[in-house]
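Biologist: I am new to this structure and would be grateful for a guided introduction. May I put my questions to you one at a time?

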Amino acid sequence: MGLAGDSPYDFGEIKPDDLDKSITKFQNILSNCIKDLESDGEEIIKLVKTLILTQSPGERTTEFIEEYLKKITNLSNTEALNVSRVLSHLLNLINVAEQHHLVRSVRESFLNNEDDLKYSCENTIQQLLNQGLDKDSIYNALLQQKIELVLTAHPTQIMRRTIISKNSAMGEALSSLDNQQLTVFEREDYEKKLIREVGGSWLTDEVRRSKVTVEMEAQGGFSVIEQTLWHALPKFIKILNRCCLKYLGKELPPTFANIHVASWVGGDRDGNHNVTAEVTKQVSYFSRWIAATLYYKEIDALLFELSMVRHNKTLEDLARRSIEKRSGTVKLRYLTTLYKEFKEGIPSKECYRIVMAELRDKMLLTKRKYEDLIAAKTDIQYLPGETFENADDILQVLQICYDSLVEVGAKEVADGRLLDNIRRLKSFGLTLSKMDIRQESTRHSDVINCVTEYLGLGTYKDWDEQKKVSFLIGELESKRPLIPNDLPCSNEVREVLDTFKVAASLPNGSLGAYVISMCRNPSDILAVHLLQKAVGNKNPQRVVPLFETAADLDSSPKTMEELFLQQWYLKTINGEQEIMLGYSDSAKDSGRLMSCWELFKAQERLASLTERFNVKLTLFHGRGGTAARGGGNSHEGIMSQPGGSLKSASTRVTIQGEMIDSHYGQIGASIRNFELYTTALLKQSLTPPPPPKQRWREIMEQLSITSCKKYRSVVRDNPLFIQYFRTSTVQPEMIYLNIGSRPSKRVAAIGIEHLRAIPWVFSFSQNRLNLPVWLGIQDAILEAKSKGWDSDINEMYKEWPFFSTTIDLVEMVLLKTDPQISSRYNQMLVPTDVQPLGVEMINELTKTTNAILELTKHKTLQQDNKILQHFVSIRRTFMDPINYIQVETLKRLRSTRKPDGTNDEVDPILIDTLIITFNGISAGMKNTG
């Protein structure tokens, strides 16, 4: 490494701000807690202080690192564990402080001049008006929006939910301490709350000791909805409504809700045998039970809040019918006595309360019903109409109450809790989040094959595509049943059929899309339609193909066109088609640059195709949290999509693993992310970017081919790569991480192609190489230079949102790499004969960094993003030592391994230390970990 200031990782002097104050506060609290709670606390803190790396990467000379590494190797197992715990906790606390700091910065921008806050509703609407768009066009574009955030079960959240809950409490305490009007006693209470939560966190076992179940994943996903999204959504719509009134001259309708939530938890069975039909049913019941619990509390509050006696005729008639209904229902009449205030009945003038009492009692029965279903109590019967199954049944009543209040002049009352719950019902429904089901395409083919063989029709799998499509369409148009009840089949086929039967049995509105992973042919899509029909599903799910690899993305328009040419299919979809695009597998298959380009082209061609067939297209983006899996800034990601791909103003996007809590763990952060999606979609639908110049397209095509060739030459074709990957990263030791219900591989095989994208990316983020993000990009840039395209790619970077966003995201990831640390993994863990490959990759990283800096005209990585540079400079002080401890721990752990790969006598402290280093590095890397 060079002298200080010569390194692209050195940012010069960074002026301390409020974030540094919050972090210092946390450091002091944690240090004091450890000293108080541990008998050797003083010694632990002293040892940690000798190991933190305040020096910037450019200041870490060879001599300095040699002396530093002696300290690391001299640590006992217990000392390594203690240091890792302290540093991991500090990084966790730093993330709490960062998240709070970002929310506070947004609030300060609003306080100072909200019009100037980048990507805010105010700023965006003003920009559009200044560009000459009329108010009605902007308003109508907002009304058409549908943004669905899909919480997935991907196991990248390695932090325990207990710790996440404590983090949330700390964030709330920090927010409260920002209030300058607090009394001395109030401030002292919040300071003590911080101490309690930090101390409690330290005393909590941060290691997850048991394997995560699907039910546990569901509880985690639902808790985010319950604790933050439930509160954030109505707050955000009020912000948007105020902007509409201020700039567009009218308010949003009471039933407006552009943000919706779905979930894969309990429904994503792709390669996960733990997700069974029974699990899907139980998670669906659990979702409805939580929703009923939340709505019951809200309606109960409205019962007491809406004490008004003025009302219109419509509400009076509704209240009269409610009284008549209640007098004839023993169960509802009994529930009224739960409240002594209404023991003698509700006065006839209080019509709002009368109808709310009916809603409340019916919601309580709904809650009890799902409690009974979860507990498998079959002896208790609920009559039709006694419980809520459809959100519209409640919405109609709330809307009548709302209209009545507005009519009698009480709009301010109507716009409070009542309006919030109207919008919650439009957004969350009665399911809290609709569950998608995902299954791999060959599992459906197996079922059809079983049926055709049993019926003597032949072997379906051996048929060509034309014969498959002809058979499937024929059966879809036929009225005769296809699958006999006594069909002899394997357990795997039975499980698929059971899933379709469960889906058909769940209340309407429980499920969202049926996603087909590894979808390649029209028959893959038609097969799912046929299986839904075969089990008698009266409310079939929309069927969504997922195109994942580069080849599948390239052929996706042809696949969909063949379907659109089928009259049965075009009639069935009723003018709407959702298509999911896979970012993770396409990047693992072909490298980041080709993946991005194939995704861009696929979106263009699919948008053009659906327009030709007059079909409304919704693209479902399967983005991960990390850049290697399609992650990044949500606003810029939408803005970089090709023009016309968001014409429908409808989009879906997966929110995975650690991003769920990072983006939606606090109410303020949730509101800001809702805003980023809303404003980006608004701009894209109204002022889409122009198509790229033909020359840019030709250059990008060549760059992607060159990049992919380099990527595959290493990952696929180099016979040493698998060994390098498995020895230089933590991938083999990920078995100790109980972070998800899914296996790390779809099938038991050695190749990278069978490894899931998450462990692939996670492993390279832990050793700070981040290879999946950048490998091949330097070759592409060199190709451009050799062909004299320098000015072209500079122009592309300045003027083409897709290209600039792609390059900027790579640069952001490079900021979090560290060649010096990656070299340590290579030197200590990789066999001698494979180490040259590691040296080659690290040199490639350095060359890629220089090439990116030359393109962006930056001297340091992310030079224009001072906030991120500040965050990274703070984090690496504590994260880098954890990396060096992780290397030492892996070396000690692997030294006890037998030739057959087993470990008989492993110090459990080593396992705990390793898991804690996983936690710490992931906390430090954030969206690249």
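Biologist: How many strands form the closed barrel, and in what order do they run?

Modeller: The model under discussion is a predicted one. Its strands pair in the parallel sense and close into a barrel. Neighbouring strands of this sheet are turned against each other by 25 degrees on average, direction ignored. The barrel has eight strands, in the order E1-E2-E3-E4-E5-E6-E7-E8.

Biologist: Over how many bridges do strand E1 and strand E8 pair?

Modeller: Strand E1 covers residues 146-151, and strand E8 covers residues 650-655. Within this pairing, Leu 151 stands opposite Ile 655 in E8. The two strands pair in the parallel sense, and the number of bridges is six.

Biologist: Which strands does helix H9 touch, and what angle does its direction make with that of E2?

Modeller: Helix H9 spans residues 214-248 and packs on the sheet. The strands it touches are E1 and E2, the latter being residues 259-263. The direction of H9 makes an angle with that of E2 of about 170 degrees.

Biologist: How many residues of strand E3 are buried, and what is the bridge partner of Ser 263 in that strand?

Modeller: Strand E3, residues 434-440, is mostly covered, with six of its seven residues buried. E2 and E3 pair in the parallel sense over two bridges. In E3, the partner of Ser 263 is Met 435.

Biologist: Over how many bridges do E3 and E4 pair, and which residue in E4 is the bridge partner of Glu 440?

Modeller: E3 and E4 pair in the parallel sense over five bridges. Strand E4 comprises residues 511-517. The bridge partner of Glu 440 in E4 is Ser 517.

Biologist: Through which helix does the chain cross from E4 to E5, and is this crossover right-handed or left-handed?

Modeller: E4 and E5 pair in the parallel sense over four bridges, and Val 515 stands opposite Val 544 in E5. Between these strands the chain passes through helix H20, residues 522-534. This β-α-β crossover is right-handed.

Biologist: Which residue in E6 is the bridge partner of Leu 546?

Modeller: Strand E5, residues 542-547, is mostly covered, as five of its six residues are buried. E5 pairs with strand E6, residues 576-582, in the parallel sense over two bridges. Phe 547 stands opposite Leu 581 in E6. For Leu 546, the bridge partner in E6 is Met 580.

Biologist: How many bridges join E6 to strand E7?

Modeller: E6 is mostly covered, with six of its seven residues buried. Strand E7 comprises residues 616-622 and runs parallel to E6. In E7, the bridge partner of Ile 579 is Leu 619. The number of bridges joining E6 to E7 is seven.

Biologist: How do the axes of helix H29 and helix H30 lie with respect to each other?

Modeller: Two packed helices are described by the angle between their axes and the distance between the axes. The axes of H29, residues 721-728, and H30, residues 757-766, come within 9 Å. H29 passes H30 in a left-handed crossing. The crossing angle is roughly 65 degrees.

Biologist: Which residues meet between H29 and H30, and how many of the contact residues are nonpolar, polar and charged?

Modeller: From H29, the residues in contact are Phe 721, Tyr 724 and Phe 725. In H30 they meet Trp 760, Ser 763 and Phe 764. The residues of this contact divide into five nonpolar, one polar and no charged.

Biologist: Why does Glu 783 count as buried, and which residues does it touch?

Modeller: Glu 783 lies in helix H32, residues 777-786. Glu 783 counts as buried because its relative accessibility is 17%, and the cut-off for buried is under 20%. Leaving aside residues up to four places away in sequence, Glu 783 touches Gln 702 and Thr 706.

Biologist: Is Ile 793 buried or exposed, and how far apart in space are Ile 793 and Ile 735?

Modeller: Ile 793 lies in helix H33, residues 790-799. With a relative accessible area of 5%, Ile 793 is buried. Its contacts, not counting residues up to four places away in sequence, include Ile 699, Leu 703 and Phe 803. Ile 793 and Ile 735 are 58 residues apart in sequence, and their C-alpha to C-alpha separation in space is 43 Å.

Key
Residues numbered from 1 in each chain as written. Predicted model: local features only at pLDDT ≥ 70, side-chain atom pairs only at ≥ 80, totals over all residues. Heavy atoms only, no water. Pairing = 2+ DSSP bridges. Axes fitted to C-alpha atoms, helices over the stretch in contact; angles between N-to-C directions. Contact = heavy atoms within 4.5 Å. Left-handed = near helix turned anticlockwise from the far one by under 90°. Nonpolar A, V, L, I, M, F, W, Y, C, P; charged D, E, K, R; others polar. Buried < 20%, exposed > 50% of the residue type's maximum accessible area, 1.4 Å probe, protein only. Right-handed = clockwise from strand over helix to strand, strands pointing away.
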